[in-house]
Amino acid sequence: MTPYLLAASGVALFGDEWRRPLAAALGVDPRLMQRWAAGQRDIPPSVAPALLALLGREAFGLEGRVLALRRAAAAIAEAE
């Protein structure tokens, strides 16, 4: 896990202000997250699977919303 991948995952999950929410989601101190992001501390191997799980859950939720939005749009188009 690199600081770049950590940051990219954090932004994808929580937006530009990702450090504190990601720290909370992973159960780590926000200062430690800052050190990981800055490359001042090595990111433990356990972080990658935890991030994959968070990203997977978020993607699953978004896929469900996309389907619901498409169904709603199709129903509106059909009613027109």
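Arg-65 is found in helix H4 of this predicted model. With a relative accessible area of 56%, Arg-65 is exposed, because the cut-off for that class is over 50%. Between the C-alpha atoms of Arg-65 and Ala-24 the distance is 25 Å, and 41 residues separate the two in sequence. Ala-24 belongs to helix H2, where Ala-24 and Arg-20 are the exposed residues on the face turned away from the buried side.

Helix H2 spans residues 19–26 and helix H4 residues 47–79. The two helices pack with their axes 11 Å apart, at an angle of about 105°. This angle falls in the range of 65 to 115 degrees, and H2 and H4 are therefore roughly perpendicular to each other. On the H2 side the contact is made by Leu-22, Ala-25 and Leu-26. These residues meet Val-47, Ala-50, Leu-51 and Leu-54 of H4. By class, the contact of H2 with H4 comprises seven nonpolar residues, with no polar and no charged ones.

Within H2, the buried residues are Leu-22, Ala-23 and Leu-26. When H2 is viewed down its axis, these buried residues fall within an arc of 105°, so they line one face of the helix. In an α-helix, residues three or four places apart point the same way, because there are 3.6 residues a turn. The buried residues of H2 pack against H1, H3 and H4. Leu-22 and Leu-26 thus appear both among the buried residues of H2 and among the H2 residues that meet H4. After H2 comes Gly-27, which has a positive phi, near 70°.

Helix H1 covers residues 3–14 and includes Ser-9. The relative accessible area of Ser-9 is 12%, under the 20% limit, and Ser-9 is therefore buried. A polar contact links the side chain of Ser-9 to the backbone oxygen of Leu-5, at 2.9 Å. When neighbours within four places in sequence are left aside, Ser-9 is in contact with Leu-51 and Leu-55. Leu-51 is also one of the H4 residues met by H2.

Tyr-4 is likewise placed in helix H1. In contrast to the buried Ser-9, Tyr-4 counts as exposed, at 64% relative accessibility. Along the chain, Tyr-4 and Gly-39 are 35 residues apart, and their C-alpha atoms are separated by 9.2 Å. Gly-39 follows helix H3 and has a positive phi, near 75°.

Helix H3 comprises residues 30–38. The N-terminal end of H3 is capped by Asp-29, with a side-chain oxygen of Asp-29 lying 2.7 Å from the backbone nitrogen of Arg-31. H3 is also one of the helices against which the buried residues of H2 pack.

The loop between H3 and H4 contains Asp-42. Asp-42 counts as exposed, at 73% relative accessibility. The C-alpha atoms of Asp-42 and Glu-80 are 57 Å apart in space, and the two residues are 38 apart in sequence.

Note on methods. Residues are numbered from 1 along each chain as its sequence is written. This is a predicted model: local features need pLDDT of at least 70, side-chain atom pairs count only at pLDDT 80 or more; totals for chains, interfaces and linings use all residues. Side-chain values use heavy atoms; hydrogens and water are left out. Axes are lines fitted to C-alpha atoms, for helices over the stretch in contact, and angles run from 0 to 180 degrees between N-to-C directions. Helices (H or I, at least four residues) and strands (E, at least two) are DSSP runs, numbered from the N terminus. Angles under 35 degrees count as roughly parallel, over 145 as roughly antiparallel, 65 to 115 as roughly perpendicular and the rest as oblique. Contact means heavy atoms within 4.5 Å. Ala, Val, Leu, Ile, Met, Phe, Trp, Tyr, Cys and Pro count as nonpolar, Asp, Glu, Lys and Arg as charged, and the others, Gly among them, as polar. Buried means under 20% relative accessible area, exposed over 50%, partly exposed in between (1.4 Å probe, protein chains only). A polar contact is a pair of N or O atoms within 3.5 Å; within protein, one must be able to donate a hydrogen and the other to accept it, and residues adjacent in sequence count only if both atoms are side-chain atoms. The arc is that of the directions from the helix axis to the C-beta atoms.
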